[in-house]
Amino acid sequence: MTTDRKIESLTKTAQIACKLFLEECKKQNVYIFITETYRSQERQNYLYGIGRTHSLNKKKVTWTKKSVHTNKMAWDIAVSPPNKLYDTKILEQAGSIAKQLNITWGGDWQVVDSVHFQVNKDWKIPMQSKCIPTQNQCTWGQEEINQAMKLNLTTGERLEDYITRKEAIILITRAYNILKKS
Ligand SMILES: [Zn+2]
């Protein structure tokens, strides 16, 4: 009954959500790591028993025998050193990143569980989010990017972000001006 920390043990949907969450945390310098993903019902029952039916000198660690971990759609995190393992501020930052990605954060619950994150089976990458998962990023066309930088079409920043209407208009206008001159 070991602790499973593998992202691959989650459902396909939860894997995408979890990876996106980790990438975004890294991008925003929120250094955390996964402590548990899938949990067998057997292990959940064991955890439920702590402070109740066994390990009576210990504090209770869970309030339920029914956990989204057993459905492979939840993960727990901790804060990377040198910060404290359960640094409240950093867990809150991770929580706010999760919320931007439509991921449910346990820190918002009545029974607060700020290391816990979960999705439901209908979870999708939020379109308004500026986060694009690495697997969707473009790996070709560096020559054109360099050329575009010389032409002042881009500074080379935020290359993997979505484009806004305003940015599209500016780019078209810049390209138009370049063509007009030549
Ligand atoms: Zn959890």
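Which residues does Ile103 touch, if we leave out residues up to four places away in sequence? I would like to start there, and to say at once that what we are looking at is a predicted model. The residues that Ile103 touches are Ala17, Phe21, Ala98, Phe117 and Val119.

That set leads us into the largest nonpolar core, which has 26 residues, and in which Ile103, together with Ala17, Phe21, Ala94, Ala98 and Phe117, touches the most other members. The elements that give two or more residues to this core are helix 1, at residues 12-27, strand 2, and helix 3, at residues 88-100. Of these, helix 1 gives the most, with six residues. As a general point, nonpolar side chains in soluble globular proteins tend to be buried together.

Let me now turn to the overall layout. The chain has five helices and four strands in its secondary structure, and if you read from the N terminus on, the elements follow the pattern α-β-α-β-α-β-β-α-α. The four strands form an open sheet, in which the order is 1-2-4-3 and the pairing is antiparallel. Strand 1 and strand 3, the latter at residues 104-105, are the edge strands, and each of them pairs on one side only.

Going across that sheet, strand 1, at residues 32-36, pairs with strand 2, at residues 74-79, in the antiparallel sense and over four bridges; here Ile32 stands opposite Val79 of strand 2. Strand 2 is in turn joined by three bridges to strand 4, at residues 116-118, and these two also run antiparallel, with Ala74 standing opposite Gln118 in strand 4. Finally, strand 3 and strand 4 run antiparallel and are joined by two bridges, and there the bridge partner of Thr104 is once more a residue of strand 4, namely Gln118.

What about the division of the chain into domains? Domain 1 covers residues 7-118 and domain 2 covers residues 138-181, and the C-alpha centres of the two lie 40 Å apart. Within the second of these stretches we find helix 5, at residues 165-181, which has 17 residues and reaches 25 Å from its first C-alpha to its last, close to the 24 Å expected at 1.5 Å a residue. The number of buried residues among those 17 is zero, so helix 5 lies largely in the open.

The figures for the chain as a whole are worth setting beside this. The C-alpha atoms fill a box of roughly 80 × 30 × 30 Å along the principal axes, and the radius of gyration is 22 Å, whereas a compact globule of 182 residues would have one near 16 Å. Buried residues make up 20% of the 182 residues. Even so, if we take the contacts between residues at least 6 apart in sequence, 64% of them join residues at least 24 apart.

I will end at the other end of the chain, with Thr2, which is found in the segment before helix 1. Is Thr2 buried or exposed? Thr2 has 6 other C-beta atoms within 10 Å, and because a residue counts as exposed at 12 or fewer, Thr2 is exposed. Its C-alpha atom is nonetheless separated by 9.5 Å from that of Ser40, a residue 38 residues apart from Thr2 along the chain.

Conventions:
Residues are numbered from 1 along each chain as its sequence is written. This is a predicted model: local features need pLDDT of at least 70, side-chain atom pairs count only at pLDDT 80 or more; totals for chains, interfaces and linings use all residues. Domain bounds come from an automatic or database domain assignment. The expected span of a helix is 1.5 Å times one less than its number of residues. Two strands pair if DSSP finds at least two bridges between them. A nonpolar core is a set of buried Ala, Val, Leu, Ile, Met, Phe, Trp, Tyr and Cys residues joined through C-beta atoms within 7 Å. Two residues are in contact if their C-beta atoms, placed from the backbone, lie within 7 Å. The radius of gyration is taken over C-alpha atoms; the globule rule is 2.2 Å times the number of residues to the power 0.38.
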